[in-house]
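Biologist: I am new to reading protein models, and I would like to learn how to look at side chains and their contacts. Could you take me through one example?

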Amino acid sequence: MVNPAKFKGTLREDESVVFLDRKDREYLFRLDRSRPLLIRGGKIPVDEVIGRHEGSLVRSSLNEPFLVFRPTLPQLIPNFPRNAQVIYPKDIGPILVWADVFSGAHIVEAGVGAGALSMALLRAVGADGRLFSYEIRPDFAELARRNVTKYLGPVTNWTVHIGDVAGELKETDIDRMILDLPEPWQVIDAAWKALRPGGILLSYLPTVLQVKSLVDALRQDNRFACVETMETLMRFWHIKGMSARPQHRMVAHTGFLTSARRLADGQNDMPRAP
């Protein structure tokens, strides 16, 4: 269970914080009394930050001002230690919405990576939910455990399995299944057995050829409905004075989201349009 107190109150030792300078540049640190905070050539004593409220102004030894906050997920995830590509915040938000993740949900995810999506799912399901994560690489699983524990603290409603979800899935009556795998069509049968009727299967894939293979397999299997695919493009804007324009760089394609809903047992004879 994620402790909600971690996100409230004054700043505490061993927490992660983000400093913002006058140009809104971000600097992520951990409040460790044994190590001074070194920012842009200056130092900020950790004891001058611990006990302050978020949004406080602190100054470095060079008298440079910084605002200090707890990092949001969009600030935290790009700075994760990782051995593989993480799912970025622009996709995590749509995943939570299109998978219809709710407080108390029981969720299976496969392909843990650095644990970025795991962290978002744990926050979303709350104290009454459960997350079961499958990862075939022990080093990835261990890194995800470290990242989640580092930023969320001890989590009691998260189980990490080392193994292939297609052949080793143990859970049943699952509300949602989220796959970050290169060949998710191999998991369709296991997903149907694990999901409850009406449960949602959602897959994150980088290429349209993978999406085509998955959608064809879902429709041929005929035990899922409401199959749809989308992608999200994100563009920030620069607004200063009389100038309002899109930024020159945008976060364009990162991956496709394909979702489908499990049919009830024996309800796979619905006539389909050609």
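Modeller: We will go through ring pairs, charges over rings, salt bridges and a surface patch, bearing in mind that this is a predicted model.

Biologist: Let us begin with the rings; how many aromatic pairs does the structure hold?

Modeller: There are three aromatic pairs in the structure. In one of them, Phe-19 and Phe-66 meet edge-to-face, with 6.4 Å from centre to centre and 85° between the planes. This pair links distant parts of the chain, since Phe-19 belongs to strand β1 and Phe-66 to strand β6, 47 residues apart.

Biologist: Are Phe-19 and Phe-66 buried or exposed?

Modeller: Both Phe-19 and Phe-66 are buried. Phe-66 also forms an edge-to-face pair with Tyr-27, at 6.1 Å centre to centre and 85° between the planes, and here strand β6 is linked to strand β2, where Tyr-27 lies, 39 residues apart. Taken together, ring pairs join Phe-19, Tyr-27, Phe-29 and Phe-66 into a cluster.

Biologist: Which charged residues lie over a ring?

Modeller: One case is Arg-30, whose charged end sits over the ring of Tyr-151, 5.9 Å from its centre, and another is Arg-137, which lies over the face of Phe-140 at 4.0 Å from the ring centre.

Biologist: How many salt bridges does the count come to?

Modeller: The count comes to 18 salt bridges. Among them is the one between Asp-100 and Arg-176, with 3.1 Å from N to O; the two residues are 76 residues apart, Asp-100 in the loop between α2 and β7 and Arg-176 in strand β10.

Biologist: Why does Arg-176 count as buried, and why is Asp-100 called partly exposed?

Modeller: A residue is called buried when its relative accessible area is under 20%. Arg-176 is therefore buried, because its value is 2%, whereas Asp-100, at 42%, counts as partly exposed.

Biologist: Where do Lys-193 and Asp-189 lie, and how far apart are they along the chain?

Modeller: They are both in helix α6, and because they are four residues apart there, about one helical turn separates them. Their side chains meet in a salt bridge of 3.1 Å, N to O. Salt bridges can also be linked in a network, as they are for Arg-12, Glu-15, Glu-54 and Arg-70.

Biologist: Lastly, which residues make the nonpolar surface patch of about 230 Å²?

Modeller: That patch is made by Leu-57, Leu-67 and Phe-69. Leu-57 is placed in strand β5, and with a relative accessible area of 45% this leucine is partly exposed.

Note on methods. Residues are numbered from 1 along each chain as its sequence is written. This is a predicted model: local features need pLDDT of at least 70, side-chain atom pairs count only at pLDDT 80 or more; totals for chains, interfaces and linings use all residues. Side-chain values use heavy atoms; hydrogens and water are left out. Patches are made of residues with over 30% relative accessible area and no salt bridge: like charges are joined within 9 Å, nonpolar side chains (Val, Leu, Ile, Met, Phe, Trp, Tyr) within 5 Å. Accessible areas come from the Shrake-Rupley method with a 1.4 Å probe; for residues, only the protein chains shown count as cover. A salt bridge is a side-chain nitrogen of Lys or Arg within 4 Å of a carboxyl oxygen of Asp or Glu. Buried means under 20% relative accessible area, exposed over 50%, partly exposed in between (1.4 Å probe, protein chains only). Rings of Phe, Tyr and Trp (its six-membered ring) pair if their centres lie within 6.5 Å; planes under 30 degrees apart count as stacked, over 60 as edge-to-face and the rest as tilted. A charge sits over a ring if NZ of Lys or CZ of Arg is within 6 Å of the ring centre and within 35 degrees of the ring normal.
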